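Colleague: Please take one helix contact and walk me through it closely. Then connect it to the rest of the model. Keep it plain, as I am new to this.

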Amino acid sequence: MSHAPRKFSRLLAILFAFTLLAAACGGDDGDGEGAGSEEGSGSEEGSGSEEAAGGDAAAPCDGNIDGPVTLTLTSHGSGDAYTGAVADFNAGPGTELGVTVELIDLGEAGYEDFIVAAAASGDLPDIIDMDGPFLYNFAWNGFVQPLGNCVPDGSLDDFLPSIISQGTYNGELYSLGAFDSGMGIWAKRSVLEANDIRIPETSEDAWTVDEFDTILRTLQDSGISSPLDIKWFYGAGEWRPYGFAPIIQSAGGDIINRSDFQSAEGALNGPEAVAAMTTFQTWAQDGLLDLEAVDDTPFIEGDVPLSWVGHWMYGAYKEALGDDLVLVPLPDFGTGSKAGMGSWNYAMATGDADPDAVWAFIEFVTSPEQVKIIADAESAVPALRSVLAADPTFQPGGDRYLYVLNLEAAPDIAFPRPATPAYGAIRDAFSDALADIVAGADVQETLDKAVAEIDADIAANDGYPTQ
Amino acid sequence: MTAVAAAVAPPKSKGIKKRVWPSYVAMGLFAIFFLFPVAIMVIGSLKADEVVIRDQTSLAAFNPSPFEAGSNYASAADTGNYFTSLRVSMIVSTVIVIGGMFVNSLFGYALARLKFKGQRFLLGLVVALIIIPFEALAVPLLLMMSEIQWTDTLRAQFLPFIAQPLYIYLFYSFFKGLPKELEEAAMIDGAGPYRTFFSVVFPLARPAYASAAILTFLYSWGQFLWPVMVARSAEVRPLPLGLTFFRGVPPVQWADLMAFATMMVLPVVIVFILFQRHFIEGVAGSGLKG
Amino acid sequence: MTAPAATTGDLEPSSPEPQSRERESRFSAGIIFSLPAALLLTLFMVIPFGFALVLSFTNRKLLSPLATRWVGFDNYVDVLTDSGFWGAIKNNLVFSIVTVPVQSALALLLAILVNQKLRGSVFFRVVYFLPITFSLSAASIIWLVLLNPSGMVNTVLEVFTFGAFSPDWLNNPTYTMAAVILVSLWASVGFQMVILLAALQDVPRVLYEAASVDGASAWGQFRNVTLPGIRHQLFFVITITMILSFRLFDQVWILPPRPGGPVDATNTIMVELVDTGFGAGQVGKGSAIAVLFFLLVLFLTIFQRRFEPKDL
């Protein structure tokens, strides 16, 4: 193998020849040259330029925005709140500073793939909006850079600690979001009361798994064929680890060993995880879970009294059920009720965009006014304490107070998704395993397989060494 | 190939006449099997989203009520970006079909008729390449496209599919089987190889072109695996990918999805019904040369 | 965008060729005629194929800050010791073993039915061929509705089995492959039918007449005249169906609750390839799967050449 590197460079030479030929053939945007240099840095020396930007927190901001700047921003949604925030920025501070932001709506499906593909083709947007746990892989790959000195001292004081910790990787702050998330079970109060079911108000007070099992069966016996809506129709993707990893965490397991993030062995396939997943499988097999719903109507129309879902359904549910709507914590599978946390947030892509301009936009979308608008549009938990304090539904006695309690008790109740570049592999393995378990596969075997997949990904990336 | 449509007078024995009814029953049952999904698609595209699945348990499935065709098709066009995807599919397929006809037949002709150095080697290479399925090349090709920053472009979707060893070989066999006399006569009249090809050979080869064009079109129109790998943004998603992206946003709006599917198959179905004989002959032509 | 066409744009007969230079012009024309396709084949087939071989011995990622290095046969060992890969091979084999005979036989039956010169047979021919004009992705999306637990398929089954049999086709791993086979059959049997129909029409009519003069039964005619008459195309249909069945991808990507699911019931070699080489960005390992897949197709092709019926 001693002459291997030479062979590899010959391979690169062929690739380069291909590049030139192909670019000559059909290239209309003269990207051949960029490809050549990209190739060199990508395969031979690791990531030269990216590393310099990612590894060193040295001051990206110099306090000046030089000339008019246009920034691109990818977004997972095109709701009015997002387009409104961009329009408000462009009309307000943007005009003052000479910064224009252009919104590219990608939708949530395939969002992560898109960013990876864009990075592969050297075409990253300047500001990336992403779901929390993608950050760590993006940061490890050098797609995004730390905010560093762009963030003025004291400007983070109003943020929920959960937002800061979600945005931190390897000791550096990379991202900030306008809202955090909340997880629980939305219930129809009248149905619970009619069946003499206790309504817990805090996570400490959550139904135990046996109690919950009885509740589901009671409701089923009362004539509701599948009483628990679990949004199974969301399909693969972020929902399954977000919504259902808390089961395993509540049982005492986890989806990865968080001591060093090198293996899921024992955490995801240990006896606690297997027991909890077996219970969940039993519920599926006994028809207690509504796996056939194709949309939100079962709970909205009152056919199903329990809906296991995140904060985003609050608006629609409140409108449909009014005061009959009540939020209860997820059941306790052994070590206390847990809940998912974290949500979409903004980071500064690695590239030549002016960091001061990027920060100006991130600062704007995380300002109290915008946080209020965006969080309301998403029915989400505002990322700023000041905004949170002004909303009565998040105060004691309010509809969504449980979310606040859970987030304040993080990481004991609200449980962050693991801050590791392997998150994508963990999510895919867990998501597939959960689907297989619901479909009736052997629980131990399925979780062992998921562990093997996660560990193989980590091994294939040399353990994701910190750069 | 034209034999497919050639009418052969049916033998008029009594035994055959007796068996007409069972044949009709069988053909009718099969016709139902092939048509009812089409009916469900079209009718599903006309009614409200929430009843598409719900109505499946009864004959209500075939009743377009409540009628919401307008909003379904509008949603497929706006949210589903149908017209963007249609444009992508049309550009990609057109370039592949026309470019493919051109380069593959020229190469096939050169291998069959013209004499040049390396000809036998090239013929051997083409035959060898026939057995390499595209799927075996997809991963390295993806890396190459990514290195030259071609992912998310249209050219990444059509360039790899223009030259096809199978069609080069089909054209080669076709030209090999043509009588040489016509070409020789043209040559004697002073026509060079270019004029000979375009004015003498090309018109004779229409059936081969039709067959290759139709097969190439059906293949490129339905391409899925490669777009899954290289097409990301809405601007470069061909119809099959556009359809699955449209479905990817929960909750699935079934009627909108059926509207997208209907609009997606409609252009091809219309062309097919207009030219069904050519379609069927074209596909049948592929069987003659294994 | 039509770059290849542009290169050949100057192919028009610009200058009349003197006869004495015919050989030369045939030589240069040969090169020019060959060039566009040969260039494209080199760029998009030969080089990527070489690449697949080379990359399969590296740990190359689509994107990674880590350096690429040689890993010898590690990728092959990984793939060949992975139960997921063998599961995929098994699924492809199951699909193939069912689809090849069933689809070929059904195609032949349909071809025979529409080959009778009955009134309306053109209509039926068009109807059976219609799904070919749908892409597999559109077909899969439509069947998602029909195969829903309360979909039309189960509604019909419940009528015939008095409610005894109505499985959750796509979520119950026992039935998912059956559903995939059904959709594939619907979407592609017309293709094989048309090829066999052409073959049937090429069987000389006199052979049937001779057979009926000899008093052969319908079955006898089928065995002794029809089958031998169409053996080449029938063989072609069987082998092409077999090779295509190993490329199974679109349906198993779209129909199940997750690609290749549930519980890997419809995981195929192509799903493994895309998941590894694209999804996980492991180009090296994905290339190893591609090379193994190529070897499989090579084997099937050699098998086909070996057993192809010879002319009498």
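Modeller: This is a predicted model. Start in chain B, with helix α2 (residues 20-44) and helix α15 (residues 254-274). These two helices pack at an angle of about 115 degrees. Their axes lie 7 Å apart. The crossing of α2(B) with α15(B) is left-handed.

Now look at the residues that meet. From α2(B) come B:Met41, B:Val42 and B:Gly44. On the other side, α15(B) offers B:Trp254, B:Ala255, B:Met258, B:Ala261 and B:Thr262. Sort the residues of this contact by class, and you get six nonpolar, two polar and no charged residues.

Keep an eye on B:Ala261. This residue of α15(B) takes part in the contact with α2(B). B:Ala261 is also named among the residues with the most contacts inside the largest nonpolar core. That core has 319 residues. Listed beside B:Ala261 are A:Phe361 and C:Leu196.

Helix α2(B) has a second role to follow. Chain B touches chain C, and α2(B) gives the most to chain B's side, with 13 residues. The whole contact takes 92 residues from chain B and 94 residues from chain C. Chain B's side divides into 71 nonpolar, 16 polar and five charged residues.

Stay in chain B for one more helix. B:Phe279 lies in α16 (residues 276-288). Is B:Phe279 buried or exposed? B:Phe279 counts as buried because it has 25 C-beta neighbours inside 10 Å; the cut-off for that label is 20 or more. Setting aside neighbours within four places in sequence, B:Phe279 is in contact with B:Ile214 and B:Phe272. B:Phe134 sits 145 residues away from B:Phe279 along the chain, and their C-alpha atoms are separated by 24 Å.

The core leads us on to chain A. A:Phe361 is one of the residues with the most contacts inside the core. Not counting residues up to four places away in sequence, A:Phe361 touches A:Leu71, A:Phe89, A:Val99, A:Val101 and A:Ile127.

Chain A has 20 helices and 17 strands. Of its 467 residues, 53% count as buried. Take the contacts in chain A between residues at least 6 apart in sequence: 77% of them join residues at least 24 apart.

One sheet in chain A is worth tracing. It is open, has five strands and shows mixed pairing. The strand order is β11-β10-β12-β9-β13. At the edges are β11 (289-290) and β13 (325-328), each pairing on one side only.

Strand β12 (residues 306-310) of chain A is mostly covered, with five of its five residues buried. Both of its faces are covered. A:Leu306, A:Trp308 and A:Gly310 lie on one side, and A:Ser307 and A:Val309 on the other.

Next, see what β12(A) pairs with. It runs parallel to β10 (residues 228-229), joined by two bridges. There, A:Leu228 has A:Leu306 as its bridge partner. Strand β12(A) runs antiparallel to β9(A), joined by five bridges. Strand β9 (residues 183-188) of chain A also runs antiparallel to β13(A), through four bridges.

Finish with A:Trp186. In β12(A), its bridge partner is A:Ser307. In β13(A), A:Trp186 stands opposite A:Leu327.

Methods:
Residues numbered from 1 in each chain as written. Chains lettered and ligands numbered in written order. Predicted model: local features only at pLDDT ≥ 70, side-chain atom pairs only at ≥ 80, totals over all residues. Core = buried A, V, L, I, M, F, W, Y, C linked by C-beta atoms within 7 Å. Buried ≥ 20, exposed ≤ 12 C-beta atoms within 10 Å, placed from the backbone. Contact = placed C-beta atoms within 7 Å. Axes fitted to C-alpha atoms, helices over the stretch in contact; angles between N-to-C directions. Left-handed = near helix turned anticlockwise from the far one by under 90°. Nonpolar A, V, L, I, M, F, W, Y, C, P; charged D, E, K, R; others polar. Pairing = 2+ DSSP bridges.
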